[in-house]
Amino acid sequence: MLCSYKLWVQASYPPHLKLLNQNSNIPIPKTKTQFQRKSLDSRFDDIDDDADGSGLRKFALPSHVKSITSTSNPFVKHCLKLKNSSSYRHSHASALVVGTTPIREIYRYKESSQEKTVIDCLLLLENAEIPEGLDTHSCHVARVGSMVMKKLSGVQSAESIEAIALMRFPTSFLNLTVDQNKSDSQSWFPSTHRILVLDGIQDPGNLGTLIRSAMAFQWDGIFLLPGCCDPFNEKALRASRGASFQLPIVSGSWYHLQTLKDTFNMKMLAGHPDIDGKLKKPFSLSQEFVHSVAHVPSCLVLGSEGRGLSEKSQLKCELVSIPMTGKFESLNVSVAGGIFLFMLQPKN
């Protein structure tokens with residue numbers, strides 16, 4: 001259901017003041033500012049709640065609004081909430097995608113896969129051209145001033161960002177803790193030969209980079225264990241360059257991951273540094289090891305930046321380490337992940 005934001009509301013008075021106002025001949029005039037506010041925001045009175053019948057609270061910019069210049073505009077405030085609040089994003093099933101390149105990449109991928117791209121609104125900087133490849137796409141386009149673009153993009157120089165798209169979550173995203181009707185693991189991913197599992201990755205830059213790398217090396221999907229940040233977080237989307245809208249992403253628990261493993265008889269691997277004193281000796285990520293799992297459906301689990309793999313991941317998985325001749329104990333998770341994803345990528 002669409003959420004209508006109105007600055008103009010009926011005044012509320014204590015009972016004795018309300019009675020005085022009703023019986024008194026003394027007029028209580030409205031100020032000029034109040035009249036202006038009502039006139040300004042009446043443009044949003046025709047917003048239709050629950051336009052698609054999904055029961056979700058949505059907020060659509062009316063089709064007749066073609067320009068937004070104020071950062072106090074209700075639609076701008078809605079977009080800022082989508083940008084800053086994970087719970088708000090997921091309640092509306094929408095996110096902001098900042099920048100022409102990721103918007104174009106998402107649109108081209110969806111076109112090639114014949115999946116419908118749902119851009120609710122495209123916000124363009126004043127005098128900027130519609131990005132190439134999107135000029136024939138029938139979405140609502142609104143022009144915004146430099147202050148609005150700077151506010152929404154978080155970039156100091158508004159000229160460096162010319163487009164922001166308000167996009168609905170892709171149908172390939174699934175939150176199993178919310179959607180209890182998706183218990184059939186066979187429907188989670190189109191293919192399960194290579195699934196990247198992220199265990200408590202909290203840094204959005206690392207998470208977005210890993211999603212982008214998985215997309216580049218043709219992995220089949222991402223599984224997010226508890227403790228991971230939102231893949232539609234502003235920084236995660238920027239790092240993924242739109243890959244969060246292209247690669248299937250499933251968020252769930254170890255129970256769901258175990259179900260996936262059992263259904264497809266998958267091997268559970270986990271990246272872990274080769275540290276003396278560990279109960280389980282890691283395998284080395286050698287060519288020999290890579291060949292041994294080349295045709296085996298596998299999950300690769302990568303742990304958080306600070307704590308590494310969770311205890312459960314260490315117990316459930318075969319540990320694999322990257323051989324290093326240097327003195328460093330470990331690598332940044334996005335760097336190590338890129339090496340794992342490259343070495344274990346599906347072979348055509």
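This passage walks through a predicted model, taking its strands, a helix and a few individual residues in turn.

A good place to start is the open sheet of five strands, which are arranged in the order β1-β4-β3-β5-β2 with mixed pairing. Its edges are formed by β1 (67-68) and β2 (94-98), each of which pairs on one side only. Strand β2 is joined to β5 (residues 163-168) by five bridges in the antiparallel sense; within this pairing, Val98 has Ile164 of β5 as its bridge partner. Helix α6 (residues 146-153) lies across β1, β2, β3 (119-125), β4 (140-144) and β5, and runs at about 125° to β3.

Strand β4 of this sheet includes His140. With a relative accessible area of 15%, His140 falls under the 20% cut-off and is therefore buried. Residues up to four places away in sequence aside, His140 touches Leu61, Pro62, Ser63, Val65 and Lys66, and also Asp120, Cys121 and Leu122.

Attention now turns to strand β12 (residues 298-303). Six of its six residues are buried, so β12 is largely enclosed by the rest of the structure. Ser298, Leu300 and Leu302 point one way from the strand, while Cys299, Val301 and Gly303 point the other way, and all are buried. Strand β12 runs parallel to β7, to which it is joined by six bridges; here Ile195 is matched with Cys299 of β12 as its bridge partner. Strand β10 (residues 267-271) also pairs with β12 in the parallel sense, over four bridges, and in this case Ala270 has Val301 as its bridge partner.

Just as helpful to look at is Thr192, found in the loop between β6 (173-175) and β7 (194-199). Although it sits in a loop, Thr192 is buried, with a relative accessible area of 9%. Beyond its neighbours within four places in sequence, Thr192 is in contact with Asp220, Leu260, Phe264, Met266, Pro297 and Ser298. Ser298 belongs to β12. The C-alpha atoms of Thr192 and Lys261 are separated by 9.5 Å, with the two residues 69 apart along the chain.

Finally, the surface carries a nonpolar patch made of Met324, Leu331, Val335 and Ile339, which together have about 290 Å² of accessible area. One of these residues, Leu331, lies in the loop between β13 (318-321) and α12 (333-343). Leu331 is partly exposed, with a relative accessible area of 35%. This value is over the 30% needed for a residue to be counted in a patch.

Note on methods:
Residues are numbered from 1 along each chain as its sequence is written. This is a predicted model: local features need pLDDT of at least 70, side-chain atom pairs count only at pLDDT 80 or more; totals for chains, interfaces and linings use all residues. Side-chain values use heavy atoms; hydrogens and water are left out. Patches are made of residues with over 30% relative accessible area and no salt bridge: like charges are joined within 9 Å, nonpolar side chains (Val, Leu, Ile, Met, Phe, Trp, Tyr) within 5 Å. Accessible areas come from the Shrake-Rupley method with a 1.4 Å probe; for residues, only the protein chains shown count as cover. A salt bridge is a side-chain nitrogen of Lys or Arg within 4 Å of a carboxyl oxygen of Asp or Glu. Helices (H or I, at least four residues) and strands (E, at least two) are DSSP runs, numbered from the N terminus. Buried means under 20% relative accessible area, exposed over 50%, partly exposed in between (1.4 Å probe, protein chains only). Two strands pair if DSSP finds at least two bridges between them. Contact means heavy atoms within 4.5 Å. Axes are lines fitted to C-alpha atoms, for helices over the stretch in contact, and angles run from 0 to 180 degrees between N-to-C directions.
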